[in-house]
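Dear colleague,

I am handing over the structure below for your files. Please look through it before reading the notes that follow it.

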Amino acid sequence: MRIGSAIFLIAIGAILAWAVAPGLIPNVNQAMIGYILMAVGVIGLIASLVLASPGRGRSRRVSESRTVVDPNTGETITRNESRDASL
């Protein structure tokens with residue numbers, strides 16, 4: 001759920017809960033549906049804000065260096081490796 005759709009659900013829920021006359025839809029508790037829509041909208045808004053936080057977009061890089069001495073020639077070999085770290 002995106003921020004816009006979460007705000008839309010909150011607005012529709014508020015309209016159903018407080019602005020529409022009760023009994024407009026027979027056998028349906030409009031206020032309860034409005035409160036449910038507002039709760040879902042708030043949860044969706046919080047989740048979308050957490051997922052869109054700046055810390056989640058950064059990738060972490062891991063660098064690794066290994067040094068080995070070749071037993072035949074005595075030459076020192078260094079290997080550098082860099083990769084993205086995944087969670």
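The notes below cover helix packing, an aromatic pair and a polar contact.

This is a predicted model, in which local features need pLDDT of at least 70 and side-chain atom pairs count only at pLDDT 80 or more, while totals for chains, interfaces and linings use all residues. Residues are numbered from 1 along each chain as its sequence is written, and side-chain values use heavy atoms, without hydrogens and water.

Helix 1 and helix 2 (helices are DSSP runs of H or I, at least four residues, numbered from the N terminus) pack at an angle of about 160 degrees, with axes 7 Å apart. The two helices are therefore roughly antiparallel (angles over 145 degrees). The contact between them has 19 nonpolar, 6 polar and no charged residues, where Ala, Val, Leu, Ile, Met, Phe, Trp, Tyr, Cys and Pro count as nonpolar, Asp, Glu, Lys and Arg as charged, and the others, Gly among them, as polar.

The whole structure holds 1 aromatic pair (ring centres within 6.5 Å). The ring centres of W18 and Y35 are 6.2 Å apart and the planes stand at 70 degrees, so the pair is edge-to-face (planes over 60 degrees apart). W18 belongs to helix 1 (residues 3-19) and Y35 to helix 2 (residues 30-51), 17 residues apart. W18 is exposed at 59% relative accessible area, whereas Y35 is partly exposed at 40% (buried is under 20%, exposed over 50%, partly exposed in between, with a 1.4 Å probe and protein chains only).

Q30, in helix 2, is buried at 5% relative accessibility. A polar atom of the Q30 side chain lies 3.0 Å from the backbone nitrogen of I25.

Yours sincerely

How values were computed. Rings of Phe, Tyr and Trp (its six-membered ring) pair if their centres lie within 6.5 Å; planes under 30 degrees apart count as stacked, over 60 as edge-to-face and the rest as tilted. Axes are lines fitted to C-alpha atoms, for helices over the stretch in contact, and angles run from 0 to 180 degrees between N-to-C directions. Angles under 35 degrees count as roughly parallel, over 145 as roughly antiparallel, 65 to 115 as roughly perpendicular and the rest as oblique. A polar contact is a pair of N or O atoms within 3.5 Å; within protein, one must be able to donate a hydrogen and the other to accept it, and residues adjacent in sequence count only if both atoms are side-chain atoms.
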